[in-house]
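Reader: I would like to go through this model one feature at a time. Please give the general idea, then the case at hand.

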Amino acid sequence: MQDSTQPLPLPGRQDLLDQIRFDLEHGKIWLKEQRSLLLGLSAMGSFRKEIITTMGQERAKGFFMRLGYYSGLKDAELAHEVRPDMSLEEAFMTGPQMHCLRGMVKAIPICLEVDLEQQHFYAEFDWENSFEVEICQTILGLLEEPACWILLGYACSYSSHFLGMEIQFRELECRGKGDHRCHIVGKPAHEWDDHEEFRELFREAPLIDELYALQSQIAALEERLPVSPDSPTTIGSAPPFTSALKMIDKGSYSDMTMLLLGETGTGKEVLARRIHSMSPRRDQPFVAVNCAAIPPELIESELFGVQKGAFTGATQNRIGRFERAQNGTIFLDEVIELSPRAQAALLRVLQEGELERVGDTSTRNIDVRVVAATNESLEQAVTEGRFRADLFYRINAYTVIIPPLRERKDDIPLLADHFKKRYEARYKKTTMGFTSRALAALQAYDWPGNIRELENTIERGVILTESKHSISESDLFHANSPLDDANQQQLNQKNGCLESVKAGDLNEVDQLAQSALENNISLNELEAAILKAAMDKNDNNVSQAARSLGLTRPAMAYRLKNRVD
Ligand SMILES: [Zn+2]
C-alpha cells in the first residue's frame, strides 16, 4: 500500500505527445488515427448549460458521463498500442496522462493496485484544474453534487476497457460542489453497493458487453433472413444511386423485362432481388443465374431443361432454371455470355411465353419475369454479331444504370458501417468502429471492385482488428495507404512526373506473374513461398517479415496462421 500523501511517479509522456499531428493543409488534427478538435472551454460550458436546462441535471449527467466514456475507450486502445512493452501499471497511466494532454485535468495518482489474476483493482487520484470545475465556477455556478461528469465517465470507461474488467470510479470530493479538492476512488464494480444504479448511467454505452451481445444476435439473425429491400446495395443516398433506385422501384410493380447495367460488384443481384420482392410475384420463386459461370455448351440445358435421351448422358428429365422460376422472377447476370441457341430460346420465352426442353418436341408454357444484367455494352456486342439485335431490343426496354461505388462516395461510410456490423456478428467481435483516418482512406480509394470489394475489405478489417479496438487504415489496406497514394499522386503531378518511378518494380512483378502462370504455380503456392521466404530471411521474426512485405504484423500473423491451419 502506498503512502496516501505521496503521488506515484508517471512514465515520460513524449511517446503520447508524438501521437499528435497538426495537418494544417487539410484542416485536421490527428491523435494517432483519431481526428480531434480544439474546442474552446466557454463553448463547452454554454453547451453544458443548455443541455442541463433542456434535459434536467440527472439526464444531463448521464449524457456527459457517456461523452467521457467514449474518449476513455479510445485512449484505452491507444494505451495498448503505444505502450505494449511497459509494465501494466505504467501503461495504465496513459489514461491519466492523456487526460492531462487533452487539457481536461491534471490527474495525480495517489494509489494504484492492479492484480489481474486476483481481479483486484484499487486506485485513488486527485484531480487538479478540472475543466468541469472551471465551467461551474464561470458559467454554471456550484452544484450540490460532484460535477466532474465527463472526467468520471472517462475514468470508468478507460479503466474497464484497459483492464478488461468492469471498474467503477466515484468522485468522493469535488471542488464543483465546494470541496477543497476533487478526489476519486476506483474499484471493481461489484465492490460498490450501488453499482447497478451507477451502471444505469452507461446504459446506452455499457461498461460491459450485454447490450452488444444482444445487438450481435439481432444482426446475426438479420443476416439469415432473406434479402429485404434494405439490403446493403440499397443503402445509400448519393444522387446517382437514388435515381437508379427510384427507377428500379417504379419498374418493380410492372411485369416488364428489366436490364441492369453496371460494373462488376455493384450489387446487381441484390437489386434484382429487390425488384422481385417489390413485385406482385414476391411470393413465387426467385432464381439467379450467372450466365458467365456456366460453360456455353451447357447453358441451354441449364436454363431450359433437358428431356431424357436428348444426348448421351441425359438419362433422366431435368427441369431448367426457367421452369424452377415459374410464376416468379429469373435474374440472368452476364446475359451477354448466352450462346446463340440460348439467346434464341430466351427470345422465345420473352415473346411467346413458351419454351422447349433440350431434346424435347413438346412446348411448355412459361410465365417468368426476366431481369437481366451485364457490365459490358450490349450494343457493341450486337454490332460485333455476338448478341442478337432482336433480343437486345426486347431486353433493353427498361434499362437502369447502376453507378459504380466511386461515383457515390458519400455512401461509403454507411455501407462500411453496415458491413462492419455484419462481420462483427459473424465473427462474434466488438470493434470500436473505424478510425477517422480509416474512414478517410475508404473514401479516397477508387473501388474498382465496387461494393463487393468494399465488403471484402471490411471483412478483412474486422478479422484483423482485436475486440474493443478501432479498425485502422492498415487493417483495411495493409501498407497500401490510399491516402498516401492520393498524396503521392498530387505530389507527382506537381513535379510533372505522373509516371511513378515504381514502373521498374512493376515490370519485375509482371515478370514474376508471367512465370508463375507459365509454370502453373497457384496463387496459394506463390503466397506460401513468399511468406516462407520472408520468415526465413528474417529469422522467423514475424514483425520484421511483415515489414519486409509491407504488411502489418497482425496481417502477417493472420496469413501465416491460415497457412498452418
Ligand atoms: Zn470535481
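Reader: How many disulfides does the structure hold?

Author: A disulfide is a covalent bond between the sulfur atoms of two cysteines. In this predicted model, the count of disulfides is zero.

Reader: Is C111 buried or exposed, and what about C156?

Author: Burial is read from relative accessible area, with under 20% as the cut-off for buried. C111 has 3% relative accessibility and therefore counts as buried. C156 has a relative accessible area of 0%, so C156 is buried as well.

Reader: Which residues are the protein donors of the zinc ion?

Author: The zinc ion has C148, C174 and C182 as donors through SG, and E171 through OE. These donors lie 1.9 to 2.3 Å from the zinc ion. Their spacing in sequence is C-x22-E-x2-C-x7-C. Within this set, C148 and E171 link distant parts of the chain, 23 residues apart. C148 sits in the loop between helix 6 (131–140) and helix 7 (149–163), while E171 belongs to strand 6 (residues 167–173). Both C148 and E171 are buried.

Reader: What is the geometry of the site of the zinc ion?

Author: Ideal angles for four tetrahedral donors at a metal are 109.5 degrees. Here the four donor atoms of the zinc ion make angles of 101 to 120°, and the site is tetrahedral.

Reader: Where is E166 placed, and which side chain does the side chain of E166 contact?

Author: E166 lies in the loop between helix 7 and strand 6. E166 is buried because its relative accessible area is 12%, under the 20% cut-off. Its side chain makes a polar contact with the side chain of R199, at 3.0 Å.

Technical notes
Residues numbered from 1 in each chain as written. Predicted model: local features only at pLDDT ≥ 70, side-chain atom pairs only at ≥ 80, totals over all residues. Heavy atoms only, no water. Donors = N, O, S within 2.8 Å, 3.2 Å for Na, K, Ca; no water. Tetrahedral: all angles 85-135°; square planar, octahedral: opposite > 155°, others 65-115°. Helix = DSSP H or I, 4+ residues; strand = E, 2+ residues; numbered from the N terminus. Buried < 20%, exposed > 50% of the residue type's maximum accessible area, 1.4 Å probe, protein only. Disulfide = S-S within 2.5 Å. Polar contact = N/O pair within 3.5 Å; in protein donor to acceptor, adjacent residues only side chain to side chain.
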